[in-house]
Amino acid sequence: MSTAFISGFLLCLSLIVAIGSQNAFIIKQGLKKEHTFWISFLCTIFDMIIIGIGTFGFGHIILSLPWALTAMQYIGAAFLFVYGLLHLKSAFKGGQSLQTDAEQKKMPLKKAVLIICALTWLNPHVYIDCFFIIGSVATKYAEHRMAFYLGNITASTIFFFALGYGARLLQPIFKKPLSWQILDFIIFVIMVSIAYSLIMTDIPTPSTLN
């Protein structure tokens, strides 16, 4: 049972540790101290749902609807591309820096929630990782799937909250507007790269997985 937990923990950590669109947004909001708890919490809940579906064998539902993943593939790519361009605009515009709570104009919670929902649910890579990769490994732990699942969501919870609140350690660096310009440009590169990879990705089908 402990082996299944550790395997799930390490697998999930290896999949989410890369800086993707979701993680980049968490870092930026963490730096600003804007809705850090709710964003980290929602990402954790989303992972619990998607990983749960993959772990307990319901990934075949998505496989039976290949058009759904294909639609999300292009919708997600378009969203990430536009979102990336907005960050590119901010990178060239500049003028952003860490301000006091009184001076800072915070992003409304509703907007932050909508963005993190789009970055999660419109990204086919999320489904590929959770349904196909985690789901396939879960079959090796048929008698201990719950332990494997708990390992996954434990890693997810620790990572998202550590990322959100740990970003604050970088605040001294981001007191300078140039640092924000560099961050915005990096996020632009990440978003556009992921959008491109989505377009170029061959979505798995039942025939390729058998």
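In this predicted model, one aromatic cluster brings together Phe 37, Trp 38, Phe 41, Phe 161 and Tyr 165. The count of aromatic pairs comes to 9. One of these joins Phe 37 to Trp 38: the ring centres lie 5.2 Å apart and the planes meet at 80°, so the pair is edge-to-face, the cut-off being over 60 degrees. Trp 38 also pairs with Phe 41, again edge-to-face, with 5.9 Å from centre to centre and 90° between the planes. Because Trp 38 and Phe 41 are 3 residues apart in helix H3, about one helical turn separates them.

It is worth looking at how these three side chains of the cluster meet the surface. Phe 37 has a relative accessibility of 37% and therefore counts as partly exposed. Trp 38, at 44%, is likewise partly exposed, and Phe 41 falls into this class with 32%. The class itself spans the values between buried, under 20%, and exposed, over 50%.

Attention can now turn to the interior. The largest nonpolar core holds 49 residues, and those with the most contacts inside it are Phe 25, Ile 39, Ile 116, Leu 119, Cys 130 and Phe 148. At least two residues of this core are supplied by each of H1, helix H2 (21–32), helix H3 (36–55), helix H5 (66–93), helix H6 (109–121), helix H7 (124–138), H8 and helix H9 (177–200). H7 gives the largest share, with 9 residues. Leu 119 offers a handy view of the packing around one core residue. Once its neighbours within four places in sequence are set aside, Leu 119 is in contact with Ser 21, Gln 22, Phe 25, Phe 79, Leu 80 and Tyr 83. Among these partners, Phe 25 is itself listed with the core residues that have the most contacts.

The surface carries a nonpolar feature as well. A patch made of Phe 5, Ile 6, Leu 10, Phe 56, Met 146 and Leu 150 presents about 520 Å² of accessible area in total. Two elements, helix H1 (2–16) and helix H8 (145–166), each give two or more residues to this patch. The largest share, 3 residues, comes from H1. Phe 5 is found in helix H1, and its relative accessibility of 31% means that Phe 5 counts as partly exposed. That value also sits above the cut-off of over 30% that patch residues have to meet. Both H1 and H8 thus appear in two settings, as contributors to the surface patch and as suppliers of the nonpolar core.

Terms used:
Residues are numbered from 1 along each chain as its sequence is written. This is a predicted model: local features need pLDDT of at least 70, side-chain atom pairs count only at pLDDT 80 or more; totals for chains, interfaces and linings use all residues. Side-chain values use heavy atoms; hydrogens and water are left out. Patches are made of residues with over 30% relative accessible area and no salt bridge: like charges are joined within 9 Å, nonpolar side chains (Val, Leu, Ile, Met, Phe, Trp, Tyr) within 5 Å. Accessible areas come from the Shrake-Rupley method with a 1.4 Å probe; for residues, only the protein chains shown count as cover. A salt bridge is a side-chain nitrogen of Lys or Arg within 4 Å of a carboxyl oxygen of Asp or Glu. Helices (H or I, at least four residues) and strands (E, at least two) are DSSP runs, numbered from the N terminus. Buried means under 20% relative accessible area, exposed over 50%, partly exposed in between (1.4 Å probe, protein chains only). A nonpolar core is a set of buried Ala, Val, Leu, Ile, Met, Phe, Trp, Tyr and Cys residues joined through side-chain atoms within 4.5 Å. Contact means heavy atoms within 4.5 Å. Rings of Phe, Tyr and Trp (its six-membered ring) pair if their centres lie within 6.5 Å; planes under 30 degrees apart count as stacked, over 60 as edge-to-face and the rest as tilted.
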